[in-house]
Amino acid sequence: MYSGIAMPKKKNKSPSDGDNKSASIPRSIPAPAEASKPKVKTPQPQAQPSTSSLIICRNKHWRYISSFHGPWLQLPPEVLESLANNNYTLPRPRPIDPAVFFDLLKVRQLVEEATTLAVRAASGVTSSSLNNSLNANNNLLGNAGAALGLGGGGGGNAKLSPERKHRMREQATQKLSKAYHFDEIACSVATMQSASTLEDVAQLVLRRNPDDPDAKYVHFFHEKIPSRQLAECTSLQSLDEIVEARPYEGEILRTRAVTKIFKEDYVGAAQDLTLALQVCRYYHNKHKEGRQQIQLASEAAAEAQRNNVRWKEETKFDEEDHPRSLETQILFHRAGVYLTIAHQHINSALPSKAASYGRKADNGKVPASDATEAPAETAAQKEARHKRMDARKIVKTNAKRALRDYVAYLSQFDYTPGLSAEVTTEFIRKVNSVANSFKIPGHKATGKPLDLESNDSLSNGSLSDALVQRPDRSSRSVPITARSSDLPSLPAPTVYQISALFSATPPPGLPPYPETQTALSTKAQLESQQPPVNNYLGNDYHEALTYHPLLTDALHSLLLCHCLVQTSKAELLRHAHMVARLARVCDGYPIFQAARSPSRADWIEVVRRGENWIGLNSTWETLCAPAPLPGQSPSNAQKETATEKEDRLKQQAIMEALEDDRVHDEASFHAAVAARQRRQREDEVNMNGNKEKAKRWAQDDGKEYPISTERAAAIVRWVREAPVGGEGKKKKRSAKPAAAKTSVEDLSASLSTVTECLDQVEEEVE
């Protein structure tokens, strides 16, 4: 009797066919394409200390994940789609980059559809029976018979077959693969907010079909590895197989390049990104004509909206007409790779500290006696000098490449200085003149209403309600006739590409920033003489730009590149002020949260440890403070108390510590916060005029927890010690010019292997 009861239990466990999650599933994960890999991977987690026992998915380690957090993860897909379409039809500069906005929309849709399929496959219940059970639950209070199981809600016991479950998981995997193709960072963030069923859907597909490329790609992101050990516990074999099967997909090359960045194979990452850029531009040019037509349609819609033409229906664009952000992603990642290669060769490009201290005086310059005397170099010294010259060329060459890619990245986005004070004042004068000159009855109104919605990026969007009375509803159908020429209209603001702001000659018409004391006093006098409406509008330009989650990091990386290229102080100061101008108006709300930027932290550290060699007239935090809203005066801000200042500095230290990648436990977090609070106290002493204690931090207190990263420390050393134009002074002191030419030829012929590899794959950007 008891044996008859036990037998069905064994039968229920045996035919699971991989549907229920058992402890044996992780052992069979690598079976699809890496038969020998489990022997390599399994010992590694056991050899790690107890602090790394956390096992998480690989996509949780991805870079710049914090930049893609925001309310877009919680908004309903219908609302997100409406916002994306409206954002695309707005006049330039659009608030959010349309390419990344449409990618976010498609990622949300695909992830939610994949989640529904994966949950249904895991539950094993058909959709019809699931709906019937939900309807029965909804009628629980209204129908007592259904509550007792005597009425409707039947069919709730229908189960899915194993083949049907497999097909549903395949569809879910295909949707996830498509989402990761669009944007792997955004998809990683979206899957973190979804059900945990998505983490296992790809490996279950691989158990039935080990050669499925979509399942391999998704499983690469969802495979569980020890925390903070991505480089040690990641193999490129699955990505190599996908690239071999689908060489026309630049997205796979992008993913493999990012993985190589984690594994510190920067040359290989540059090769993959260059090939991905070629593939992306090849397929982009094939559809360029259709994309241009869509772009023209979008511009026409924006122009119509600017001309106060209201559309009754929302404009929707097909998926094939959406702009793609793949090229933007590739340019950003490749620029970061080149910048990393550049700063890694800084220490080998400069003399050792012991040699430099022996040759230089206290002021950091070569003594006059050494300048007149040129001792003969030994063979070892000559070889070391040649190596330094080769490394120096690698630094500058890759810094120029990074600078070129960052400029190409910034060319994808727009900036407008807005309308000047003269234009807005004249516009208000015309509006008041028109409003007070004549009156039009409501039923005979023929003029178009004043509509400033197309200038929301330049104002607060409520000026039309405040300045002009709305026409009667009965006059909306009346066409625009002769009186339309008498009504004032705002001119379209001038729009520039952001890359144009960093050209050798900046575009004209930009408002001065930062303002001098003379300009501020003149501005205060003008504001006191203006009427209240003018003060509400503000006499300043209302600047705006197109937001991208990685824009802040790219802008500060651009400044680091200029440091390595050895741009002049005056030019670098102009670029720094331009970055601060853009950073103060760079806001992705209400779609994105404020982005964290490692490059911004490094730039602040370079300026601080470089003793502000470019001559900024204020701290970087002050220069990048958010610009006041229209009608808001910065002078109205109340002075903070000592307690409020202490709380603000403490919160700032905590946020900076959380952004530090080296913080991995509670002890390192407390050490990072304490070090930053110590530096804040030293900066306060420095601002009061005592600079000796500020230098002591870098020598003594910084040894407890170094705030500065390796990149910031290397760039600071380059700024201080790198000679401008190379070691050309030795050539001038040489008595034989021919020998100097020969040395130059020898140096050009002895380029390092890194530069040769990069030159082979480098693409000429036209």
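Visitor: Is T416 buried or exposed?
Guide: In this predicted model, T416 has a relative accessibility of 0%. The cut-off for the buried class is under 20%. T416 is therefore classed as buried.

Visitor: In which strand is the place of T416?
Guide: The residue with 0% relative accessibility, T416, belongs to a strand that covers residues 414–416. That strand is β3.

Visitor: Which backbone oxygen does the side chain of T416 reach?
Guide: The side chain of T416 has a polar atom 3.1 Å from the backbone nitrogen of G418. A backbone oxygen is also reached by the side chain of T416, at 2.7 Å. That oxygen belongs to T494.

Visitor: What is the order of the strands in the open sheet of three strands?
Guide: The pairing in this open sheet is antiparallel. Its edge strands are β4 and β5 (544–545), each of which pairs on one side only. The order is β4-β3-β5.

Visitor: Which residue in β5 does Y415 stand opposite?
Guide: Strands β3 and β5 pair in the antiparallel sense, over two bridges. Strand β3 spans residues 414–416, and β5 spans 544–545. The residue in β5 opposite Y415 is L545.

Visitor: Is Y64 buried or exposed?
Guide: Y64 lies in the loop between β1 (55–57) and α4. Although Y64 is not a glycine, its phi is positive, at about 60°. Its relative accessibility is 16%, and the buried class requires a value under 20%. Y64 therefore counts as buried.

Visitor: What value is phi of Q566 near?
Guide: Q566 is located in the loop between α25 (551–565) and α26 (569–583). With 18% relative accessibility, Q566 counts as buried. Its phi is positive in a residue other than glycine, and the value is near 65°.

Visitor: What is omega near for the peptide bond from R92 to P93?
Guide: P93 is found in the loop between α4 (77–89) and α5 (98–123). The peptide bond that leads from R92 to P93 is cis. Its omega is near -5°.

Visitor: Where is the place of P514?
Guide: The peptide bond from Y513 to P514 is cis, and its omega is near -10°. The elements that flank P514 are a strand, β4 (496–497), and a helix, α23 (517–529). P514 is placed in the loop between β4 and α23.

Conventions. Residues are numbered from 1 along each chain as its sequence is written. This is a predicted model: local features need pLDDT of at least 70, side-chain atom pairs count only at pLDDT 80 or more; totals for chains, interfaces and linings use all residues. Side-chain values use heavy atoms; hydrogens and water are left out. Helices (H or I, at least four residues) and strands (E, at least two) are DSSP runs, numbered from the N terminus. Buried means under 20% relative accessible area, exposed over 50%, partly exposed in between (1.4 Å probe, protein chains only). A polar contact is a pair of N or O atoms within 3.5 Å; within protein, one must be able to donate a hydrogen and the other to accept it, and residues adjacent in sequence count only if both atoms are side-chain atoms. Two strands pair if DSSP finds at least two bridges between them.
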